[in-house]
Amino acid sequence: EKIATGGIDSCVRLWELANTNTDDPTQVIKHVATLHGYIIGCVNSVKFVTSPDKLILATGGSDGLIVIWKFENNEPPPMKATCMLGDVGNENQSETWKPLCSLKGHSHGVCDLAWSSDDALLFSANDFHEVLVWKWRSGKCLQKVSAHAGRVTGMSFDPMGDFIAVSGSNGGVKNSR
């Protein structure tokens with residue numbers, strides 16, 4: 001199983017759960033890749049597609065840009081990873097991921113992302129009050145919705161994939177079909 005993390009250094013780090021039958025924490029989680037070079041500022045949200053293979057990852061940052069990454073191969077990347085806080089090197093990197101496309105449409109930082117149940121649509125929320133609905137493979141924004149009076153704080157689909165719940169800093173939750 002893979003885990004993705006983002007932070008203030010503008011990099012996304014991918015981790016793999018390894019041997020969970022040990023008390024040694026260095027044997028439980030393994031760093032496999034660092035994604036860099038396309039995000040300026042903090043990485044606020046990282047979401048794998050809902051399909052079991054998890055070969056596509058969406059990242060959203062404080063610069064308002066969404067980058068879609070695709071797994072390339074199980075080889076170390078050819079270049080060293082350089083993040084805002086310095087060189088992170090290629091040590092312990094065993095996977096290569098490439099940017100597939102970028103989605104531009106937010107005038108404020110992206111604070112959350114959510115994939116539709118069939119992975120055809122990507123929903124993105126910004127720091128202001130908007131949710132954008134993307135047909136990400138074409139790069140087309142299908143809809144821009146004012147979700148809350150304040151900042152959008154999170155989004156999640158119901159288990160059946162029929163409704164999306166959007167929470168806001170005003171304490172409210174809105175459901176949409």
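Two strands are said to pair if DSSP finds at least two bridges between them. In the predicted model described here, strand β6 (residues 65-73) and strand β9 meet this condition, since eight bridges join them and the two run antiparallel. One position in this pairing can be followed by residue, for N73 has T96 as its bridge partner in β9.

The pairing of β6 with β9 belongs to an open sheet of four strands, which follow one another in the order β4-β5-β6-β9 with antiparallel pairing. The edges of this sheet are formed by β4 (43-48) and β9 (96-104), each of which pairs on one side only. From one strand to the next, the twist averages 25°.

A further open sheet is built from three strands in the order β1-β2-β3, and its pairing is antiparallel. Here the edge strands are β1 (2-6) and β3 (29-35), each pairing on one side only, and the twist from one strand to the next averages 25°. Between β1 and β2 there are five bridges in the antiparallel sense, and within this pairing T5 is matched with R13 in β2. Strands β2 and β3, which also run antiparallel, are joined by six bridges, and the bridge partner of L14 in β3 is A33.

Strands β1 and β2 form a hairpin in which five residues stand between the two strands. Within the loop between β1 and β2 lies S10, a residue that is not a glycine and yet has a positive phi of about 70°. Such a value deserves notice because most residues other than glycine have a negative phi. S10 has a relative accessible area of 6%, and it therefore counts as buried, the cut-off for this class being under 20%. A positive phi is also found at D119, a residue other than glycine whose phi is near 65°. D119 is placed in the loop between β10 (110-115) and β11, and because its relative accessible area is 11%, D119 is classed as buried.

Strand β11 (residues 122-126) includes L122, which is buried because its relative accessible area is 0%. Although L122 and W136 are 14 residues apart along the chain, their C-alpha atoms are separated by 6.3 Å.

At the surface, I3, L17 and I29 make a nonpolar patch of about 200 Å². Of these residues, L17 lies in strand β2 (residues 12-17), and its relative accessibility of 35% is the reason why L17 counts as partly exposed. Residues can belong to a patch of this kind if their relative accessible area is over 30%, a condition that the 35% of L17 satisfies.

The cysteines were considered next. A disulfide is a covalent bond between the sulfur atoms of two cysteines. The structure holds zero disulfides. Among the residues examined for accessibility, C42 counts as partly exposed because its relative accessibility is 27%, and C141 is likewise partly exposed, with a relative accessibility of 31%.

Methods
Residues are numbered from 1 along each chain as its sequence is written. This is a predicted model: local features need pLDDT of at least 70, side-chain atom pairs count only at pLDDT 80 or more; totals for chains, interfaces and linings use all residues. Side-chain values use heavy atoms; hydrogens and water are left out. Patches are made of residues with over 30% relative accessible area and no salt bridge: like charges are joined within 9 Å, nonpolar side chains (Val, Leu, Ile, Met, Phe, Trp, Tyr) within 5 Å. Accessible areas come from the Shrake-Rupley method with a 1.4 Å probe; for residues, only the protein chains shown count as cover. A salt bridge is a side-chain nitrogen of Lys or Arg within 4 Å of a carboxyl oxygen of Asp or Glu. Buried means under 20% relative accessible area, exposed over 50%, partly exposed in between (1.4 Å probe, protein chains only). Axes are lines fitted to C-alpha atoms, for helices over the stretch in contact, and angles run from 0 to 180 degrees between N-to-C directions. A disulfide is a pair of cysteine sulfur atoms within 2.5 Å.
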